[in-house]
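Biologist: I have a structure here that I would like to go through with you. Can you put it up so we can talk it over?
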Amino acid sequence: MQKRLKQAELAEIVGLNSYVQIGRYETGKAKPAADMLSKLAKALDTTTDYLVNDDFNDASVTAQLTDRELLKQFKEVEQFSAEDKQVVKIFIDAFITKRHIQELAK
């Protein structure tokens, strides 16, 4: 949902012939094989641990975020008040939006 992908789109990205299998994975009626789980995690920009266990701990974040300084900054931001966190999110969102616009203008 966060990636705004339809089941058919995700199925195509990971090489499935039918979106029906994605629905089975989502409802727990089927479990993907290890190689498919890896493809799904990559397509969804997450970890296999998160997909299997809904586990998004520091280890999985660290595995995805290789810039140690940025990781340290995010850990510090976690200690902020909810209001200050929202301000940081607004700044990050604004910067990302600006970069997207710049890329489109090229």
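Biologist: In what order do the elements run from the N terminus on?
Modeller: The order is α-α-α-α-α-α-α. That makes seven helices and zero strands. Helices (H or I, at least four residues) and strands (E, at least two) are DSSP runs, numbered from the N terminus. This is a predicted model, in which local features need pLDDT of at least 70 and side-chain atom pairs count only at pLDDT 80 or more, while totals for chains, interfaces and linings use all residues. Residues are numbered from 1 along each chain as its sequence is written, and side-chain values use heavy atoms, with hydrogens and water left out.

Biologist: What share of the protein counts as buried?
Modeller: The figure is 17% of the 106 residues. Buried means under 20% relative accessible area, exposed means over 50%, and partly exposed is in between (1.4 Å probe, protein chains only).

Biologist: Is A11 buried or exposed?
Modeller: A11 is buried, at a relative accessible area of 2%. A11 belongs to helix α1. Its C-alpha lies 7.9 Å from that of Q21, and the two are 10 residues apart in sequence.

Biologist: And A41, buried or exposed?
Modeller: A41 is buried too, with 4% relative accessible area, and sits in helix α3. A41 and V14 are 27 residues apart in sequence, with 9.7 Å between their C-alpha atoms.

Biologist: Let's turn to pockets. What volume does the largest pocket have?
Modeller: About 930 Å³. The residues closest to its centre are E26, L44, T46, Y50 and L51, out of 24 that line it. Two or more lining residues come from each of α1 (7–14), α2 (20–27), α3 (34–43) and α4 (48–53).

Biologist: What counts as a pocket?
Modeller: On a 1 Å grid over the protein atoms alone, a pocket is an open set of points where a 1.4 Å probe fits, with protein on both sides within 12 Å along at least five of seven lines. Lining residues have an atom within 4 Å of a point. The volume is the space filled by probe spheres set on the points, which are joined across faces, edges and corners.

Biologist: How many lining residues are nonpolar, polar or charged?
Modeller: The lining of the largest pocket has 14 nonpolar, five polar and five charged residues. Ala, Val, Leu, Ile, Met, Phe, Trp, Tyr, Cys and Pro count as nonpolar, Asp, Glu, Lys and Arg as charged, and the others, Gly among them, as polar.

Biologist: New topic. What is the phi of D45?
Modeller: Phi of D45 is near 55 degrees, a positive value in a residue other than glycine. D45 is in the loop between α3 and α4, and is exposed at 54% relative accessible area.

Biologist: Which residues make the nonpolar surface patch?
Modeller: L70, F74, I92 and I96 make a patch of about 300 Å². At least two of the patch residues come from each of α6 (68–77) and α7 (82–105). I92 is in helix α7 and is partly exposed, at 35%. Patch residues have over 30% relative accessible area and no salt bridge, and nonpolar side chains (Val, Leu, Ile, Met, Phe, Trp, Tyr) are joined within 5 Å. Areas come from the Shrake-Rupley method with a 1.4 Å probe.

Biologist: How many salt bridges does the whole structure have?
Modeller: One. K106 pairs with E103, and their closest N and O atoms are 3.4 Å apart. A salt bridge is a side-chain nitrogen of Lys or Arg within 4 Å of a carboxyl oxygen of Asp or Glu. K106 is exposed at 76% relative accessibility, whereas E103 is partly exposed at 43%.

Definitions and conventions
Patches are made of residues with over 30% relative accessible area and no salt bridge: like charges are joined within 9 Å, nonpolar side chains (Val, Leu, Ile, Met, Phe, Trp, Tyr) within 5 Å.
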